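Open the model in your viewer and keep the selection tool at hand. The tour goes from stop to stop.

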Amino acid sequence: EPFGYIKPSVTSNAVHLYVLPFAYPRLWALLEELKKNGGQITTQWRMQFFHYLDSIPKYYALPMKNAMKRYGVDIVPESR
């Protein structure tokens with residue numbers, strides 16, 4: 001699965017590597033669905049999100065919790 005992308009700089013002769021969350025295409029789809037639902041966390045969304053959390057490395061739990069809080073989603077346990 002992809003974990004990031006590279007992008008050339010438009011102002012210099014450099015290339016930047018952007019590292020994204022683990023399995024970010026799945027996370028992105030979940031966040032898009034949440035946005036489409038006006039931020040309402042449905043039972044189905046919660047189940048899919050917890051399934052995503054179960055599939056990522058355990059050391060992602062705390063950073064994921066902090067990142068999701070910024071989006072108003074405070075359902076990520078400290079460890080799963």
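Helices and strands here are DSSP runs, numbered from the N terminus; a strand has at least two residues. By that numbering, select Phe 3 in the segment before strand E1 (4-8). Bear in mind that this is a predicted model.

**Stop 1: the nonpolar patch**

Stay on Phe 3. Is Phe 3 buried or exposed? Phe 3 has 52% relative accessibility, and exposed means over 50%, so Phe 3 counts as exposed. Now add Ile 6, Val 15, Leu 17 and Val 19 to the selection. Together with Phe 3, they make a nonpolar surface patch of about 560 Å². Which element gives the largest share of the patch? Colour strand E2 (residues 15-19): three of the patch residues come from this strand, the largest share.

**Stop 2: the largest pocket**

Next, show the surface and look for the largest pocket, with a volume of about 360 Å³. Its lining has 16 residues. Select Pro 21, Leu 27, Trp 28, Leu 31 and Tyr 71: of the lining residues, these are the closest to the pocket's centre. Then colour helix H1 (24-36) and helix H3 (61-70), the elements that give two or more residues to the lining. H1 supplies seven residues, the largest share. What is the lining made of, by class? Colouring by class gives 14 nonpolar and two charged residues, with no polar ones.

**Stop 3: the salt bridge**

Side chains of opposite charge can pair when their charged atoms come close. How many salt bridges does the structure hold? The count is one. To see the pair, show Lys 65 and Asp 74 as sticks. The closest N and O atoms of the two are 3.8 Å apart. Now check the accessibility of each partner. Lys 65 has a relative accessible area of 14%, under the 20% cut-off, so Lys 65 is buried. Asp 74 reaches 51%, over the 50% cut-off, so Asp 74 is exposed.

**Stop 4: Leu 53 and Met 64**

Finally, select helix H2 (residues 43-55) and pick out Leu 53 within the helix. Is Leu 53 buried or exposed? With a relative accessible area of 6%, under the 20% cut-off, Leu 53 is buried. Add Met 64, eleven residues from Leu 53 along the chain. Draw a distance between the two C-alpha atoms: they are separated by 8.9 Å.

Conventions. Residues numbered from 1 in each chain as written. Predicted model: local features only at pLDDT ≥ 70, side-chain atom pairs only at ≥ 80, totals over all residues. Heavy atoms only, no water. 1 Å grid on protein atoms, 1.4 Å probe; cavity = no way out; pocket = protein on both sides within 12 Å on 5 of 7 lines; lining within 4 Å. Points joined across faces, edges and corners; volume = space filled by probe spheres on them. Helix = DSSP H or I, 4+ residues; strand = E, 2+ residues; numbered from the N terminus. Nonpolar A, V, L, I, M, F, W, Y, C, P; charged D, E, K, R; others polar. Patch = residues over 30% accessible without salt bridge, like charges linked within 9 Å, V, L, I, M, F, W, Y side chains within 5 Å. Areas by Shrake-Rupley, 256 points an atom, 1.4 Å probe, with all protein chains shown as cover. Salt bridge = Lys/Arg side-chain N within 4 Å of Asp/Glu carboxyl O. Buried < 20%, exposed > 50% of the residue type's maximum accessible area, 1.4 Å probe, protein only.
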